[in-house]
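These are notes for a colleague who is meeting this structure for the first time. Please keep the view open while reading the numbered points.

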Amino acid sequence: MSVLAVGSIAFDTVKTPFGSAQEVLGGSAVYFSLAASYFTSVNLVGVVGEDFQESHLQVLQERGIDLQGLETGPGKTFRWSGVYSYDLNERETLDTQLNVFADFRPKIPELYRDCRYLFLGNIDPDLQWDILQQVRKPDFISLDTMNYWIEHKRESLLRALSAVHLLTLNDGEARQISEEVNLVKASRKILELGPRIVIIKRGEYGALMFTDSTLFCAPGYPLEFVYDPTGAGDSFAGGLCGYLANLDNVCDSTLRQAIIFGSTMASFCVEAFSVQRLRNLTYAEILERYRQFRHLTHFDDVP
Ligand code: AMP
């Protein structure tokens, strides 16, 4: 089964203690699509400006991503700039220039409207809702958001949340949306808002999945070299949704596997700036790291 991804396509300027990158390819839909493309076919809907070059398109085309839903608007591509300190879980946004993204009204091509797996990347929750009105009846809708929308568009976000299956967010955002400090209580409250699965991304510390009946904890993969955490959350969602769409089976056991594939893709993402590491992976490398995750968390029961 293919997956439909809607989100930002960006030129990012990023500084970390280990280097910097200027106006490099990024955005939630880009990271998601590249990560998901190792598991299933991906249809991307987004907008770029007139400065988006053939070489940028090629990065997506080389991974077989379907770009019929990619619009080119008059003006410049969305730009984001951020800086990280030694605590790579914390970042500061220095600048956001919406450019063509300011007037983006996603139009889902007719061909994609029957999609069964849908990823709503971190964009204005009113647009996320608008997309939900255009698709027919996806079996699995995953939504990502950020502190800005929780603060400024809470009602719109709650409306979108009422119609999705999975919400991915970080621990600060989980606390903000639920107004609960404790993450178990926070997740319980979020489950009451609509999604039947909540996944809390905790950067290098891994991820927690909550449903009505289960709790699953995945560690972060202990990496010796981390250069740029940008896009880790979207790569996580890409690995997770791509794996589920490929199996076309969402249950407790496949969700656990999908979280590890998501964590695997996030761990590759952070090993280089921009999408460099996500461009040329092999499925064998991905599987090898998935198995290392298994080994990392395995322990025997006592007799
Ligand atoms: P992540 O690190 O997975 O949370 O996502 C990072 C990506 O989100 C970057 O490549 C940015 O271009 C993109 N981004 C940052 N701010 C926004 C925003 N306000 N709307 C949409 N995308 C954004």
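1. In this predicted model, helix H8 gives the shell around the ligand its largest share, 3 residues. H8 spans residues 232-247, and alongside this helix, strand S2 (10-16) and strand S6 (78-84) each supply at least two residues of that shell.

2. Around the ligand there are 17 residues, and those that come nearest are Ser 8, Asp 12, Gly 27, Gly 231 and Asp 234. Sorted by class, the shell holds 7 nonpolar, 7 polar and 3 charged residues.

3. Which atoms of Ser 8, Gly 27 and Gly 231 face the ligand at short distances? For Ser 8, an N or O atom in the side chain is 2.8 Å from a nitrogen atom of the ligand. For Gly 27, a backbone N or O atom lies 2.7 Å from a ligand oxygen atom, and for Gly 231, a polar backbone atom is 2.7 Å from an oxygen atom of the ligand. The ligand taken alone exposes 510 Å², of which the protein buries 89%.

4. A separate point concerns two helices, H9 (residues 252-269) and H11 (residues 283-297), whose axes come within 9 Å and cross at roughly 115°; the crossing is right-handed. Residues that make the contact include Ile 260, Phe 261, Met 265 and Phe 268 of H9, together with Ile 286, Leu 287, Tyr 290 and Phe 293 of H11. Taken by class, the residues of this contact divide into 9 nonpolar, 4 polar and 2 charged.

How values were computed. Residues are numbered from 1 along each chain as its sequence is written. This is a predicted model: local features need pLDDT of at least 70, side-chain atom pairs count only at pLDDT 80 or more; totals for chains, interfaces and linings use all residues. Side-chain values use heavy atoms; hydrogens and water are left out. A residue is near a molecule or strand if one of its heavy atoms lies within 4 Å of it. A polar contact is a pair of N or O atoms within 3.5 Å; within protein, one must be able to donate a hydrogen and the other to accept it, and residues adjacent in sequence count only if both atoms are side-chain atoms. Accessible areas come from the Shrake-Rupley method with a 1.4 Å probe; for residues, only the protein chains shown count as cover. Helices (H or I, at least four residues) and strands (E, at least two) are DSSP runs, numbered from the N terminus. Ala, Val, Leu, Ile, Met, Phe, Trp, Tyr, Cys and Pro count as nonpolar, Asp, Glu, Lys and Arg as charged, and the others, Gly among them, as polar. Axes are lines fitted to C-alpha atoms, for helices over the stretch in contact, and angles run from 0 to 180 degrees between N-to-C directions. A crossing is left-handed if the near helix is turned anticlockwise from the far one by less than a right angle, and right-handed if clockwise. Contact means heavy atoms within 4.5 Å.
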